Amino acid sequence: MTPVPMEDGMTIPIAVLSGALQNALGGMIPGLMTFLIVLAALFTLIVKAVRPGFIRRSAFWASLFDVSVFWTIVRIAGAVFAVMTYFKIGPEAVWSEATGGTLLFSLLPVLFSVFLFAGLLLPLLLNFGLLEFVGYSLTKIMRPLFLLPGRSSIDALASWLGDGTIGVLLTSKQYEEGFYTKKEAAIIGTMFSVVSITFCLVVIGQVGLEQYFIPFYLTVILAGIACALIMPRIPPLSRKPDTFINEAPRQADDEAIPAGYTSFSYGYEQAVKRAGRNQFTETAADGLKNVLDMWLGVIPIVMALGTTALIIAETTPLFQWLGLPFIPLLELLQIPFAREASETIMIGFADMFLPAILGESIQSELTRFVIAALSVSQLIYMSEVGGLLLGTKIPVSFKDLLLIFIIRTLISLPIIAGVAHLYF
């Protein structure tokens, strides 16, 4: 988690290791991903039909393969899309570079390597006291501002410096282990799982405004903080139950500091106790389970939902129609080329990079700045973060994600437009 300087900016070691593995394996990863996605679908079908003994005896294998009918269908769809895309068979709308090819050959290699290292190394973050120490130390900041425990600051840092997928993985594991309530996990997953600084550079470069990266990134931070302050206090997040995965409610004194301690000293004591309970075999087993959970449980869902969203975006005018209601708002905010800009707003729900691709030809620098900053601030996109959230046990539905996406857009757009008018 320690930030390290690289040629293209600050990043974290997991991202560096991930990039090195992608470079080493090169074109092998899409084939390996196709194999794993098909394997996940086959095992799910076998388990649904036979329920073998190893499933009955293991809570982990049961949670991985004994899923609902809906998720079984999604995994089968992911396997079909992966095979069609890898071998380029069937309708081109499924496997083209703009649809299935984007997922299998661009996104999934990144997820493959990130999940490998993040999954193996996450127990070092979770099992040795860091979250206990930070949690008690920062609760007085995170709780009143964002309605979250202090340990959630680690999730936010993992996303901002590394990748949103790392933040979602960390949040999911913390929720499953009983550290976050349903409401807290939903807030963290939808408010703080942002793209990395490195990818922000890619987005602003796509619209030809690299020289404005600092104001662009500060604008994204400002919009993100505004959303994180407002949205936990309004539906749908405010209506999530404040109960843990076992339905036990969070108690008012859960984060209380005992008499005679400061938040720092008590956090340190709890961290030492947690580290003392850890065993190497437990850490290694947890790491391997994390990797299998992400590879076989989450990646098939990302392939299925992401490909579906991109097919809709590429082959139908649906997202253009959905953008029409935003034209009056864009005109009110004095955004040039409001109609062209409106077509990029809802398509961000399919993939965060699509708005920048569609908006790069718009003549106004102000409009391109707004499109780039809004695409990052919207946060929920089905080709990655949205699909990942639906693939985890974090209690958010597709309807929740769509509503959160729209509300984030409405909160962020005026802020971004205001800043853009200061620079252009």
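Which residues does isoleucine 407 touch, not counting residues up to four places away in sequence? I looked this up and found Met231, Ile234, Pro235 and Pro236. I take touching, or contact, to mean heavy atoms within 4.5 Å.

**Ground rules**

I note that this is a predicted model, in which local features need pLDDT of at least 70 and side-chain atom pairs count only at pLDDT 80 or more, while totals for chains, interfaces and linings use all residues. Residues are numbered from 1 along each chain as its sequence is written, and side-chain values use heavy atoms, with hydrogens and water left out.

**Isoleucine 407 and the prolines**

I placed isoleucine 407 in helix H22. Helices here are DSSP runs of H or I with at least four residues, numbered from the N terminus. Isoleucine 407 is buried, with a relative accessible area of 16%. The word buried stands for under 20% relative accessible area, exposed for over 50%, and partly exposed for what lies in between (1.4 Å probe, protein chains only).

I then followed one of its contacts, proline 236. Isoleucine 407 and proline 236 are 171 residues apart in sequence, yet 10.0 Å apart in space, C-alpha to C-alpha. Proline 236 sits in the loop between helix H13 (213–230) and helix H14 (263–276). I checked the peptide bond from proline 235 to proline 236, and it is cis, with omega near 5°.

H22 covers residues 398–423, and proline 414 is found in it too. Proline 414 is partly exposed, with a relative accessible area of 36%. Leaving aside its neighbours within four places in sequence, proline 414 is in contact with Leu333 and Thr409. I also looked at alanine 223, which is 191 residues from proline 414 in sequence and 9.2 Å from it in space, C-alpha to C-alpha.

**Positive phi values**

I kept a rule at hand: most residues other than glycine have a negative phi, and most peptide bonds are trans. Which loop holds glutamine 334? I found glutamine 334 in the loop between helix H17 (327–332) and helix H18 (338–345). Its phi is near 60°, a positive value, and glutamine 334 is exposed, with a relative accessible area of 59%. Phenylalanine 337 lies in the loop between H17 and H18 as well. Phenylalanine 337 has a positive phi of about 55° although it is not a glycine, and it is partly exposed at 38% relative accessible area.

**Helix H8 and what follows it**

I compared the length of H8 (residues 130–146) with its expected span, which is 1.5 Å times one less than its number of residues. H8 has 17 residues, and its end C-alpha atoms are only 20 Å apart, short of the 24 Å of a straight helix. I found a kink of about 65° in H8, centred on leucine 138. The bend at a residue is the angle between axes fitted to the seven residues ending there and the seven starting there. Among the buried residues of H8 are Leu131, Val134, Tyr136, Met142 and Phe146.

Just after H8, leucine 147 takes a positive phi of about 60°. Leucine 147 is also one of the contacts of glutamate 184, a list that includes Arg143, Asp242 and Arg250. Glutamate 184 belongs to helix H11 (residues 182–191) and is buried, with a relative accessible area of 1%.

**Helices packed on H7**

I looked at three partners of H7. Axes are lines fitted to C-alpha atoms, for helices over the stretch in contact, and angles run from 0 to 180 degrees between N-to-C directions. Angles under 35 degrees count as roughly parallel, over 145 as roughly antiparallel, 65 to 115 as roughly perpendicular and the rest as oblique.

- The axes of helix H1 (residues 13–25) and H7 (residues 100–126) come within 9 Å and cross at roughly 130°, so H1 is oblique to H7. In H1, the residues that meet H7 include Ile14, Leu17 and Leu21.
- H7 and helix H10 (residues 164–176) have axes that come within 10 Å and cross at roughly 45°, so H7 is oblique to H10. Among the residues making the contact are Leu111 and Val114 of H7 and Ile166 and Leu169 of H10.
- Helix H5 (residues 69–87) packs with H7 at an angle of about 80°, with the axes 9 Å apart, so H5 is roughly perpendicular to H7. Ala82, Thr85 and Tyr86 in H5 meet Gly100, Gly101, Leu104 and Phe105 in H7.

Conventions
Helices (H or I, at least four residues) and strands (E, at least two) are DSSP runs, numbered from the N terminus.
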